[in-house]
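Visitor: I would like to walk through this model and ask how its descriptions are justified.
Guide: Gladly.

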Amino acid sequence: MKVDYSLYLVTDSSLVPKNTTLLAQIESALQGGTTIVQLREKELETGPFIALGLQVKALTQRYHVPLIINDRLDVAQAIDADGVHIGQDDMPLVQARKILGPTKIIGVSVYNQKEANDAIANGADYLGIGAVWDTSTKKIKRSPLGIQGVQDVLRLMDVPIPTVAIGGIHVSNAQELMIGSASGTRHLDGLAIVSAIIASSDPKQTCQAFSGLLNNVFGSFEPPIALDTSSIVEKSIKLVDLLKQTGPMVHHITNYVVINDNANATLALGASPIMSTNTEEIDDLAAVNDALLLNMGTLNDIDAMILAAQTNTRHGHPVVLDPVGAGATQFRKDTVARFLKECNLSVIKGNGGEILSMANRGGRSRGVDSVGNNGGEANAVLAVSELAKNNGCVVVMTGPMDYISDGTRVFVVENGHPMMALITGSGCMASSVVACFQAVSEDPLIGAVAGMLTITIASELAMKRPEVKGPGTFRAALLDELYTISNSPELIRTHARLREIPLARSN
Ligand SMILES: Cc1ncc(COP(=O)(O)OP(=O)(O)O)c(N)n1
Ligand SMILES: Cc1ncsc1CCOP(=O)(O)O
């Protein structure tokens, strides 16, 4: 049976408003689009629990919605409910499964990676992850997970099974939770809600509000169509155009060595740079922003960077991290760890030394420069794909070849010119370009490839200019050629050298 977990009502009759009944509240919620109901009645003795269960079952059957019983396998069996929900202190899953058999639904409450993977290994049908936030409905024993904690559980599940989040969820924070906890292809399948529905003066209307926003969010999770390299090149051309037509705003918190070049590269592509580091205006900026770039070069403003990342994520904007010098000092290692833990990154874009060291694959940074990739292409492929998978984002590793992965596919951009390495901040400019494309691309992988094709092809075109004699003239020509591509995006079609490395072969 395919179960729709999206709007999961969990009951609590102590919260029902005075002028109505639990059954009326459940029916109203079903009319508003509740997709599954759990009867959770902590104070009821067995007899009355069964009696109520039979009444609720008659209701849920009319709406073709499954009925789950909280904790009590005996009640579930007595009324032939569709399944049970058990917590960590309830009957162990293995025994519950033996008693109920393979066809009944068993959901398990989990708080962390271990509990999730144990439940999956023991045959849970779905997981209830929580508590996400504080709640007055239940005394919770462990501190709330927050959105990041939910994302960690989703990302670290050995095998994806359906998941719902629970605890403190209301219409006002539901979208933020659904979007903020998603990572790569993993996302929540639904929200389990007690008080926001059961205590509502109009459960039908409340559920319609939840359903509407869930439909929108699920629409945005549609899996991207797997494109071949020539389709990605065509998409890149379209994205260059879109960038120019829409002029997205790209907020940079970057280093003071490259700030001017970053802003100019952004402008050359038709986007709008803003280079603020002041925490006072992060909220206002995020409201009108389209993408955020964090660049660790001079490594000031770390708290502002993290705040900006979290604020932009709440607004649904992509966040790109350039982990300049990652691995060069302990301070930088610690800072990168903070970014990974506290931010929801869309893209990490660094040079070989930075990415290899973040992936524990041998990279070193001397200052901000990259030192070597002794493992060759196979090592690069493993570094980008593992780092991407473990952090639920896209990873770009630049160098003579640029390796780009979302954890399931790896692309190599073979364009570029060695002169790039002779001007300071060319990598940072590439990050700005990638951030600009994130602002207009629905798929971060395609946005990252498009950005890297654009800057590397621009570098090749720059070196063909007769006036370019060395790093100084190259730097100006590079900006000019970004502008040329912005006006003639089809140049990407004639110059792109993009290949895909099948992951199965390299892993
Ligand atoms: C869908 C869902 N997720 C989690 C819970 C919490 O269950 P449990 O940990 O057993 O706590 P109680 O509900 O028994 O207080 C749930 N009920 N439903
Ligand atoms: C049963 C349960 N388990 C973790 S939090 C919670 C209660 C959630 O209730 P509410 O949706 O009213 O915050």
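What follows is a short exchange on a helix pair and two ligand shells.

Guide: Keep in mind that the model is predicted.

Visitor: Why is helix 6 called oblique to helix 7?
Guide: The axes of helix 6 (residues 146-156) and helix 7 (residues 171-181) cross at roughly 40°. Angles under 35 degrees count as roughly parallel, and 65 to 115 as roughly perpendicular. The crossing of roughly 40° belongs to neither class, so helix 6 is oblique to helix 7.

Visitor: What else describes such a pair?
Guide: Two packed helices are also described by the distance between the axes. Here the axes of helix 6 and helix 7 come within 8 Å. The crossing is right-handed.

Visitor: Which residues in helix 6 and helix 7 meet?
Guide: Helix 6 brings Ile 147, Val 150, Gln 151 and Leu 154. Helix 7 answers with Glu 176, Leu 177, Gly 180 and Ser 181. By class, that contact has four nonpolar, three polar and one charged residues. Gly counts as polar, so Gly 180 is among the polar ones.

Visitor: What makes up the shell around ligand 1?
Guide: Its 18 residues are six nonpolar, eight polar and four charged. Gly 87, Ser 109, Gly 128, Ile 166 and Ala 192 come nearest. Strands 1, 4, 5, 6 and 7 each supply at least two residues of this shell.

Visitor: How many residues surround ligand 2, and which are closest?
Guide: Ligand 2 has 14 around it, with Thr 135, Thr 137, Gly 167, Val 194 and Ser 195 closest. By class, the shell has seven nonpolar, six polar and one charged residues.

Definitions and conventions: Residues numbered from 1 in each chain as written. Chains lettered and ligands numbered in written order. Predicted model: local features only at pLDDT ≥ 70, side-chain atom pairs only at ≥ 80, totals over all residues. Near = placed C-beta within 6 Å. Helix = DSSP H or I, 4+ residues; strand = E, 2+ residues; numbered from the N terminus. Axes fitted to C-alpha atoms, helices over the stretch in contact; angles between N-to-C directions. Parallel < 35°, antiparallel > 145°, perpendicular 65-115°, else oblique. Left-handed = near helix turned anticlockwise from the far one by under 90°. Contact = placed C-beta atoms within 7 Å.
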